[in-house]
Amino acid sequence: MARHFLRDDDLDPREQHEVLELGLAFRDDRFFRTPLTGPRAVALLFDKPSTRTRVSFAVGVAELGGYPMLIDGASSQLGRGERVEDTARVLDRQCAAIVWRTFAQERLEQMASASAVPVVNALTDEFHPCQVLADLTTVAQLRGGGDALPGMTLAYLGDGANNMANSYLLGGVTAGLHVRIGTPAGYQPDPAVLAKAREIGETTGGSALVTADRDEAVAQADVLATDTWVSMGHEASAEARSEPFAPFQVNADALALAAPDALVLHCLPAYRGKEITVEVIDGPQSAVWDEAENRLHAQKALLTWLLERS
């Protein structure tokens with residue numbers, strides 16, 4: 001039976017640790033495992049614009065010995081209304097895995113329900129779990145490995161209702177982190193996701209806090225993360241969002257409240273002067289470019305792990 005990765009908590013703490021350590025190994029030696037030698041194809045479906053996800057999955061599949069089959073969702077039969085399940089049954093007979101960057105989480109779950117090969121969430125409106133695997137890999141890389149993660153504090157400032165906040169809660173607490181979401185009133189995470197994160201924390205020692213107080217969120221945090229204030233599809237609301245989110249900008253004042261050696265993360269694209277300032281994203285504590293590279297290594301690790309268990 002295929003193992004899928006549709007949301008961050010599809011990996012339990014032990015499994016997540018295995019993937020993170022494998023990602024670090026791929027970072028040290030990009031070709032030490034080639035499970036797609038053949039080459040076997042991986043379907044890479046994109047319904048949304050992409051730079052890092054498209055590049056990292058295409059390069060990653062090739063480096064694993066496979067063939068990255070890039071599919072524009074709009075120009076496929078999915079774009080003309082074909083049932084998701086029908087597409088899954090076609091792809092899983094020809095591809096080793098299916099990676100999909102799309103809108104509704106429900107459609108991804110439909111794909112997985114009908115697929116005999118692993119289905120990977122490359123981003124939905126609800127979750128961005130591959131990004132959080134890369135973020136955790138980055139912290140592990142720079143702070144002593146996966147075993148150093150439990151007990152660390154990650155503060156996320158910005159839109160608490162978006163996919164990154166949801167994934168930080170689930171993925172971060174699974175790793176044993178204390179995750180703090182600093183967000184204005186009216187932009188809190190999904191209550192069900194927050195409840196699940198707290199449930200996971202009971203077994204990992206992690207915790208989840210949501211606060212409208214920036215200082216409370218950031219105080220002595222080991223990692224300070226943010227994301228664009230305007231998610232894809234919501235560009236028309238950019239001006240209206242600037243006012244409530246302005247106090248949650250990742251700037252020098254916010255960074256000064258964190259731990260002295262705090263790492264700064266941003267999943268990109270970044271809008272300098274909006275959610276993050278130039279001095280921070282381009283400063284000495286920024287790990288943003290390692291983070292972007294680690295999409296490659298973490299996703300190669302994930303695909304390898306999933307394929308070995310399917």
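**View 1. Cys130 is a buried cysteine, with a relative accessibility of 1%.** Here, buried means under 20% relative accessible area, exposed means over 50%, and partly exposed lies in between (1.4 Å probe, protein chains only). This is a predicted model, in which local features need pLDDT of at least 70, side-chain atom pairs count only at pLDDT 80 or more, and totals for chains, interfaces and linings use all residues. Residues are numbered from 1 along each chain as its sequence is written, and side-chain values use heavy atoms, with hydrogens and water left out. Why does Cys130 form no bond with Cys267? The two sulfurs are 13 Å apart, too far for a bond, and Cys267 holds the cysteine sulfur closest to that of Cys130. Cys267 is in no disulfide either, and this residue is also buried, at 7%. A search of the whole structure finds zero disulfides (pairs of cysteine sulfur atoms within 2.5 Å).

**View 2. Tyr187, Trp229 and Phe245 are joined into a cluster by ring pairs.** Rings of Phe, Tyr and Trp (its six-membered ring) pair if their centres lie within 6.5 Å; planes under 30 degrees apart count as stacked, over 60 as edge-to-face and the rest as tilted. The structure holds four aromatic pairs. One of them joins Tyr187 and Phe245, a tilted pair with centres 4.7 Å apart and planes at 50°. Tyr187 comes from the loop between β6 (178–182) and α7, Phe245 from helix α9 (residues 238–245), so this pair ties together parts 58 residues apart in sequence. Helices (H or I, at least four residues) and strands (E, at least two) are DSSP runs, numbered from the N terminus. Phe245 is buried, at 0% relative accessibility. Trp229 and Phe245 form a stacked pair, 5.9 Å centre to centre with 20° between the planes. Trp229 lies in the loop between β8 (223–226) and α9, 16 residues from Phe245.

**View 3. Arg30 and Glu63 form a salt bridge, with their closest N and O atoms 2.5 Å apart.** A salt bridge is a side-chain nitrogen of Lys or Arg within 4 Å of a carboxyl oxygen of Asp or Glu. The pair links distant parts of the chain, 33 residues apart: Arg30 in the loop between α1 (13–28) and β1 (41–46), Glu63 in helix α2 (residues 52–63). Which partner is buried, and which is partly exposed? Glu63 is buried, at 9%, while Arg30 is partly exposed, at 33%.

**View 4. Glu199 and Lys196 form a salt bridge within helix α7 (residues 191–204).** Their closest N and O atoms are 3.5 Å apart, and the residues sit three apart in sequence, about one turn of the helix. Both are partly exposed, Glu199 at 45% and Lys196 at 28%. The structure holds 17 salt bridges, and a network of them links Arg14, Glu18, Arg33, Glu308 and Arg309.

**View 5. Thr102 sits in the loop between β3 (97–101) and α4 (105–114).** This threonine is buried, with a relative accessible area of 0%. Its side chain makes a polar contact of 2.7 Å with that of Asp47. A polar contact is a pair of N or O atoms within 3.5 Å; within protein, one must be able to donate a hydrogen and the other to accept it, and residues adjacent in sequence count only if both atoms are side-chain atoms.
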